[in-house]
Amino acid sequence: MRQVVLDTETTGLEVSDNHRVIEIGAVEIVNRKLTGQHFHYYLNPEREVDQGAFDVHGIATDFLKDKPLFKSISEELLKFLNNDALVIHNAPFDLAFLNNEFLLAGIDIENLEKTHEIVDTLSLSLIHISEPTRLLSIS
């Protein structure tokens, strides 16, 4: 069984405020073992990184100016994801941003949650923890 563990960093917290993905990282797991296959890009969001987001991830706007646009890596990302299960901490956050990036890039796909099994590790952690800490809610 193949799974892809995925995480993003963004310019801010809300897709509705035109925030964008600035980093995507993913690793492949087959039969519960890392294979060494990975996917990673920093991306030019064509906008400023909010100070609050910078305070969380430390990725500055100037660092991103020469990085590729999401559209230029989108097909490679889809190929890496295949149709396999995605393991994501706070999946609704990352999926909202990724689905928006595909839309902005003009890539005609259904929402990722319709084409992939989604395992949300934040939801899983809340099953076992009665009072989640702030760290568990950070995407």
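Are Phe-93 and Phe-97 buried or exposed? Phe-93 is buried, and Phe-97 is buried too. Keep in mind that we're looking at a predicted model here. Let's start with the whole chain and come back to those two rings later.

**The chain as a whole**

There are 7 helices and 5 strands in the chain. Starting at the N terminus, the order of the elements is β-β-β-α-α-α-β-α-α-β-α-α. The radius of gyration is 15 Å, close to the 14 Å that the globule rule gives for 139 residues, so the chain is as compact as a globular protein of that length. If you lay the C-alpha trace along its principal axes, the chain spans about 40 × 35 × 25 Å.

How much of the chain counts as buried? The share is 42% of the 139 residues. The accessible surface comes to about 8,200 Å², and carbon and sulfur atoms own 52% of that. Now take the contacts with a separation of 6 or more: 63% of them are between residues 24 or more positions apart.

**Helix α3 and its two sides**

Helix α3 covers residues 70–81, and its buried residues are Phe-70, Ile-73, Ser-74, Leu-77, Phe-80 and Leu-81. They sit on the same side of α3, because their arc around the axis is only 135 degrees. Flip to the other side of α3 and you'll find Ser-72, Glu-75 and Lys-79, which are exposed.

What do the buried residues of α3 pack against? Their partners are the strands β1 (2–10), β2 (21–30), β3 (33–42) and β4 (85–88), along with the helices α4 (91–104) and α5 (112–115). Just after α3 comes Asn-82, with a positive phi of about 50 degrees.

**Rings that pair up**

The structure holds 5 aromatic pairs. In one of them, the ring centres of Phe-70 and Phe-102 are 5.0 Å apart and the planes stand at 80 degrees, so this pair is edge-to-face. Phe-70 belongs to helix α3 and Phe-102 to helix α4, so the pair ties together parts that are 32 residues apart in sequence. Phe-70 counts as buried because its relative accessibility is 2%, and Phe-102 counts as buried at 0%.

Now back to the two rings from the opening. Phe-93 and Phe-97 make a tilted aromatic pair, with 4.9 Å from centre to centre and 45 degrees between the planes. Both lie in helix α4, 4 residues apart, or about one turn of the helix. Elsewhere, Phe-39, Tyr-41 and Phe-80 form one aromatic cluster.

**Salt bridges**

Side chains of opposite charge can pair when their charged atoms come close. This structure holds 6 salt bridges, and the table lists some of them.

| Salt bridge | N to O distance | Buried or exposed |
|---|---|---|
| Arg-2 and Glu-28 | 2.5 Å | both buried |
| Glu-101 and Arg-20 | 2.8 Å | both buried |
| Lys-65 and Asp-62 | 3.1 Å | both exposed |

Salt bridges with shared partners join Arg-2, Glu-28 and Asp-84 into one network. Within it, the side chains of Arg-2 and Glu-28 meet in a salt bridge. Arg-2 is in strand β1 and Glu-28 in strand β2, so this pair ties together parts that are 26 residues apart in sequence. The side chains of Glu-101 and Arg-20 also meet in a salt bridge. That pair links distant parts of the chain, 81 residues apart: Glu-101 is in helix α4, and Arg-20 is in the loop between β1 and β2.

Methods:
Residues numbered from 1 in each chain as written. Predicted model: local features only at pLDDT ≥ 70, side-chain atom pairs only at ≥ 80, totals over all residues. Heavy atoms only, no water. Buried < 20%, exposed > 50% of the residue type's maximum accessible area, 1.4 Å probe, protein only. Helix = DSSP H or I, 4+ residues; strand = E, 2+ residues; numbered from the N terminus. Arc of directions from axis to C-beta. Contact = heavy atoms within 4.5 Å. Salt bridge = Lys/Arg side-chain N within 4 Å of Asp/Glu carboxyl O. Rg over C-alpha atoms; globule rule 2.2 N^0.38 Å. Areas by Shrake-Rupley, 256 points an atom, 1.4 Å probe, with all protein chains shown as cover. Phe/Tyr/Trp six-rings, centres within 6.5 Å; stacked < 30°, edge-to-face > 60°.
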